Amino acid sequence: MSKSSPIWHPFTQHAVLQEMTKITGGSGAYLTKADGEKLLDAIASWWVVTHGHCHPHVIGAIKEQADKLDQVIFAGHTHEPAERLAQQLLNCTPDDLDYVFFSDSGSTSVEVALKMALGYWHHLGENRQRIIVLENSYHGDTIGTMSVGERGVFNQPYNPLLFDVAKVPFPSAGNEQATIDELEKLCAQGDVAAFIVEPLVLGAGGMLMYSAETLRALYEICKKHNTLFIADEVMTGWGRTGKLFACEYAQITPDIACYSKGLTGGSLPLAVTMCSSEIYDEHYSTDRSKTFFHSSSYTANPIACAAAVANLEIWENEPVYERIEKLIEMQAAGLARFKDDDRFTNIRQTGTIAAMDINVKDHGYLSDVGPRLYEFFKSKNLLLRPLGNTLYSMPPYCVTQEDINQIYDAIAEAADELL
Ligand code: PLP
């Protein structure tokens with residue numbers, strides 16, 4: 001077993017995966033490997049790349065901003081990129097999300113959401129501290145976000161540090177009422193601060209999909225019982241489900257929403273947590289103990305904000321929705337090739353996200369089939385990284401029909417050779 005590099009990679013078992021693929025460049029839907037070959041990025045580099053790698057408009061904005069202001073403490077200071085971005089966000093997110101709190105990853109945006117919710121009830125003087133979550137959710141890998149996510153092999157050693165939450169079952173098709181009833185029962189107990197949910201698609205939990213109708217029903221229960229509704233749109237945001245945000249399908253405005261990943265189009269780390277005036281106002285006081293005590297050193301980094309501003313301009317200046325529509329159709333046709341293939345089950349799609357399960361006995365995240373397929377796809381110059389026995393594709397919106405063919409041809413080949 002070699003230990004040839006000092007770098008410890010994320011979600012990587014180095015004893016199994018010994019050689020990292022060295023990447024030297026990126027353009028559009030492709031990454032360039034050190035050997036000069038191109039790798040099709042079929043998972044948008046962990047779901048962040050929307051308009052393609054190194055989009056010239058975003059890269060230009062980054063360069064321009066880097067020459068002006070690289071970083072400034074955001075407590076007591078502000079800058080134009082943050083102000084412009086906040087205004088753009090107010091214009092494109094659901095009405096009634098009136099305030100923007102910056103952070104730098106999806107996980108921290110969720111941590112901020114949980115703290116806002118607890119702070120709100122605390123300052124109101126109400127004893128509401130319980131969080132309700134959906135079974136199989138993933139909200140990040142920090143202690144707080146693991147607490148509100150699914151417990152399993154990922155977080156077993158850290159369980160003593162995680163706080164208790166109440167859980168409702170995932171609303172699988174035909175079973176939605178059980179979720180709705182359980183949420184109603186828990187909210188009626190009166191001690192619930194918030195319900196946090198990934199709208200329409202549970203990403204890392206296995207690309208599990210549920211209907212907008214159910215999302216709406218869950219939201220209405222929260223409204224009825226005055227439970228704060230937190231939408232974690234870290235993965236589903238920025239067009240992934242077909243609309244800009246998944247909550248639009250259910251025509252709901254969350255009390256708190258988390259956005260990251262595609263916010264900068266995949267160029268730099270940045271996240272925001274947006275909230276209603278009600279929540280902000282409860283923290284607004286000459287009583288300094290009501291200050292929202294949260295920051296990170298790089299909160300609202302000007303270069304990252306400038307990248308996000310430029311990225312959102314692309315939505316206005318290029319036919320992004322047309323690309324998304326086309327991608328949705330291409331993904332549907334790709335999946336349809338496997339509809340009678342019993343090596344795959346649960347073939348499913350929400351917007352640009354396409355997924356299916358590999359029909360193996362050994363399922364779950366540690367299933368051997370995932371790494372074997374990953375290696376196979378790598379040999380075909382395709383970046384496709386299954387989640388256990390769930391295979392999914394979620395490429396940047398600039399992919400072509402040829403690219404999509406490459407993805408589904410490789411899946412067909414992998415099925416013939418490995419399954
Ligand atoms: N929330 C959701 C729904 C996610 O899918 C992810 C990451 O995949 C996160 C939160 C955490 O985001 P990050 O990895 O940027 O911390």
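## A loop residue with positive phi

W238 is found in the loop that runs between β10 (228-232) and α8 (247-250). The model described here is predicted. In it, W238 has a phi near 60°, a positive value in a residue other than glycine. Most residues other than glycine have a negative phi. W238 counts as buried because 28 C-beta neighbours lie inside 10 Å, the threshold for burial being 20 or more.

W238 is also one of the residues in contact with K261, and that lysine leads to the annotated part of the chain.

## The annotated lysine

K261 carries the UniProt annotation "modified residue: N6-(pyridoxal phosphate)lysine", taken from an unreviewed entry. Its place is in the loop between β11 (256-259) and β12 (271-275). With 28 other C-beta atoms within 10 Å, K261 is buried.

Where does K261 make its contacts, leaving aside its neighbours within four places in sequence? The partners of K261 are W47, V48, G106, V234, M235, G237 and W238. Among them, G106, V234 and M235 also belong to the closest residues around the ligand.

## The shell around the ligand

The ligand is surrounded by 14 residues, and the closest are S105, G106, S107, V234 and M235. Helix α4 (residues 106-124) supplies the largest share of this shell, namely three residues. By character, the shell divides into five nonpolar, seven polar and two charged residues.

G106 lies in helix α4 and is buried, with 29 other C-beta atoms within 10 Å. Not counting residues up to four places away in sequence, G106 touches G140, V234, C258, S260, K261 and A271. The contact between G106 and K261 thus joins a residue of the ligand shell to the lysine annotated in UniProt.

## The annotated binding site

The unreviewed UniProt entry places the feature "binding site" at G106, S107, D232, S296 and S297. These positions span 192 residues in sequence, and their farthest two C-alpha atoms are 23.0 Å apart, so they do not all gather at one spot.

Is S296, one of these positions, buried or partly exposed? S296 counts as partly exposed, with 16 C-beta neighbours inside 10 Å. The residue sits in the loop between α9 (277-283) and α10 (302-317). Its contacts, apart from neighbours within four places in sequence, are S103, D104 and T108. G106, another of the annotated positions, is by contrast buried.

## Two domains and their contact

The domain assignment of the protein chain gives domain 1 (57-316) and domain 2 (320-418). Their C-alpha centres lie 28 Å apart. Across the boundary, 13 residues of domain 1 are in contact with 16 residues of domain 2. On the side of domain 1 that touches domain 2, the residues divide into eight nonpolar, four polar and one charged.

## Helix α12 and its packing

Helix α12 (residues 369-379) has V369, G370, L373 and F377 as its buried residues. Seen down the axis of α12, these residues fall within an arc of 95°, so they line one face of the helix. E375 and S379, on the other side of α12, are exposed.

The buried residues of α12 pack against several elements: β14 (353-358), β15 (382-383), β16 (390-393) and α13 (401-418). Just after α12, N381 takes a positive phi of about 55°.

## I407 in helix α13 and N346 in strand β13

Helix α13, one of the packing partners of α12, contains I407. I407 is buried, with 25 other C-beta atoms within 10 Å. Not counting residues up to four places away in sequence, I407 touches A42, G334, L382, L384 and S393. The C-alpha atoms of I407 and H53 are separated by 18 Å, while the two residues are 354 residues apart along the chain.

N346 lies in strand β13 (residues 344-350). Its phi is near 50°, again a positive value in a residue other than glycine. N346 is partly exposed, with 16 other C-beta atoms within 10 Å, whereas W238, which also has a positive phi, is buried.

How values were computed. Residues are numbered from 1 along each chain as its sequence is written. This is a predicted model: local features need pLDDT of at least 70, side-chain atom pairs count only at pLDDT 80 or more; totals for chains, interfaces and linings use all residues. A residue is near a molecule or strand if its C-beta atom, placed from the backbone, lies within 6 Å of it. Helices (H or I, at least four residues) and strands (E, at least two) are DSSP runs, numbered from the N terminus. Ala, Val, Leu, Ile, Met, Phe, Trp, Tyr, Cys and Pro count as nonpolar, Asp, Glu, Lys and Arg as charged, and the others, Gly among them, as polar. UniProt positions are given in the numbering used here, feature names are shortened, and annotations may be inferred rather than shown by experiment. A residue is buried if 20 or more other C-beta atoms lie within 10 Å of its own, exposed if 12 or fewer, and partly exposed in between; C-beta atoms are placed from the backbone. Two residues are in contact if their C-beta atoms, placed from the backbone, lie within 7 Å. Domain bounds come from an automatic or database domain assignment. The arc is that of the directions from the helix axis to the C-beta atoms.
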